[in-house]
Amino acid sequence: MSPLDFIKLVKAQADVINVHGGRAGYHPGLYKQHLKIWMEQKGETGEASAETIEQATETICEEYLACYVIRAVHKEKYESLKNELDNDFLKGKDTYPKKMEEALRLLQNHKGGKQGPDFDSAHEAFEDDNVEPPLELNDDPVVYEGEDEASESDSDNEDEEDPEPRRYPKRNRKKKEPTVIDYKNKAYKIRDGVIHLNPAVFETDPGPIYPEYVEKPNPLSQKEATIRILGVIMLQQYGIKKGIKLFGDKGKEAVTKELTQLHDHVTYVPVHSHELTREQKKEALESLIFLTKKRCGRVKARACANGSKQRSYIRKESAISPMVGTDSVFITSVIEAHKGRRVVKLDIPGAFLHADTDEMVHMLLRGELAELMVKVDPAMYRPYITKNARGESVMFVKMQKAMYGMLRSSLLFYQKLVDDLETFGFELNPYDPCVANKMVNGEQMTLTWHVDDLK
């Protein structure tokens, strides 16, 4: 869309607002400023006349829409123009256009937009036949390219009654093309954040998505296929109440095992609630635990902290942890394949629990989670259990380790891992902070990692 077409579109939208009783571009602050200027020019005192009010209103609407055109154009194409106008305004020099013609001239003469000579006025610029004519601000209807040409021939026929004029221009809308997805023999594909399921999976005969040389599995019903696909896409997790109700004793055993791991790593120590201030209780993080059933049938529990409260005082840039670059993974893999190195991949269990926290953080355990924590070590935790107004068991603890869910846990674990690697003689790669090398018996050993997954 050319600058002229864009300004025509803005004017058409403004006309629609004005026809329905509005005033497109009206701004109270600009109105007061321009009304004062018009009254001084006309020598009016006290209340302004109706003519002065109308002139001031038209002026501010024109100025507002001209600025809107500049602000609404393509950001990348006219970025230098916008920056120049903003910088001039900050220096006390207002170079923003006051009329639509001025806005059109700025856009057309901008080096990123349509080229044109620098004339003193927009009207002089359009005396050249090679330049588009300016937009005349009058009450004539705006004509768009693509508008039904038959309406012009109908209007010439005076014998027929003219139909009611259409306020909106007629535009030819392109029919949206259907979404075509190449699943590549997969059950689903994620595209633009949307999960698309392959309909061929639901067929009784899944032959079309399997090559001839692959043995076809037993056909699944539509319900079985849906459950299997959704099970692959997302793993169902349950809270402690729902999980224990669903899994029974296996759920309690999984929660107890997870809490025992926290206890063995001295993740936190209990504190009396009366020793904490009201502000500390208010800022205490909520303890969460989730249960899920794995494919092997084992029930697994994962404890974490709800670190959303920390967002109010921890900046995002101070909690970011480095991650290995994709290029580094490919480069190291090629080197390992070329030299025939032995590759080992491992996951550090309870990774974050190995890192000490460097801030004062309290966490609240409530309900059945607090009672199960007491069963891990009754002598240590039972004296700190209290009841809230609803008769629910609660216990406050002071964090000693970086627990999953706390905003800075990943960064603290990274710092701990780097310190340990440097102690063992590893040197960090200067181009990727998640790649380290060490010479072992004359051979280079390379280590890359993504959070707690090492290669």
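Is Cys-61 buried or exposed? In this predicted model, Cys-61 has a relative accessibility of 7% and therefore counts as buried, the limit for that class being under 20%. Cys-434 is likewise assigned to the buried class, because its relative accessibility is 0%. A search for disulfides across the whole structure returned zero.

The chain has 455 residues, of which 33% count as buried. Its secondary structure consists of 15 helices and 14 strands. Among contacts with a separation of 6 or more, 64% join residues that lie 24 or more positions apart.

One example of a contact between separated parts of the sequence is provided by Ala-103, a residue of helix α5, which spans residues 100-109. Ala-103 counts as buried because its relative accessibility is 0%. When residues up to four places away in sequence are not counted, Ala-103 touches Ile-7, Ala-66, Val-69, Ile-70 and Pro-97. Of these, Ile-70 stands 33 residues from Ala-103 in sequence, yet the C-alpha atoms of the two are 6.7 Å apart in space.

In soluble globular proteins, nonpolar side chains tend to be buried together. The largest nonpolar core of the model comprises 31 residues, and those with the most contacts inside it are Val-255, Leu-259, Tyr-268, Met-363, Leu-365 and Met-403. At least two residues of this core are supplied by each of α9 (240-247), α10, β5, β6, β8 (362-366), α13 (368-376) and β10 (393-399). Helix α13 gives the largest share, with five residues. The surroundings of Tyr-268 illustrate how this core is joined: leaving aside neighbours within four places in sequence, Tyr-268 is in contact with Leu-259, Leu-262, Met-363, Leu-365, Met-373, Tyr-381, Val-397, Lys-398, Met-399 and Gln-400.

The second largest pocket has a volume of about 860 Å³. Its lining is formed by 32 residues, and Glu-258, Gln-261, Lys-300, Ala-301 and Arg-302 lie nearest the centre. Two or more lining residues come from each of the elements α10 (249-264), β5 (285-293) and β6 (299-306). The largest share, seven residues, belongs to α10. By residue class, the lining divides into 17 nonpolar, 11 charged and four polar residues. Helix α10, strand β5 and strand β6 thus appear in the lining of this pocket and also among the elements that supply the largest nonpolar core.

Methods: Residues numbered from 1 in each chain as written. Predicted model: local features only at pLDDT ≥ 70, side-chain atom pairs only at ≥ 80, totals over all residues. Heavy atoms only, no water. 1 Å grid on protein atoms, 1.4 Å probe; cavity = no way out; pocket = protein on both sides within 12 Å on 5 of 7 lines; lining within 4 Å. Points joined across faces, edges and corners; volume = space filled by probe spheres on them. Helix = DSSP H or I, 4+ residues; strand = E, 2+ residues; numbered from the N terminus. Nonpolar A, V, L, I, M, F, W, Y, C, P; charged D, E, K, R; others polar. Disulfide = S-S within 2.5 Å. Buried < 20%, exposed > 50% of the residue type's maximum accessible area, 1.4 Å probe, protein only. Core = buried A, V, L, I, M, F, W, Y, C linked by side-chain atoms within 4.5 Å. Contact = heavy atoms within 4.5 Å.
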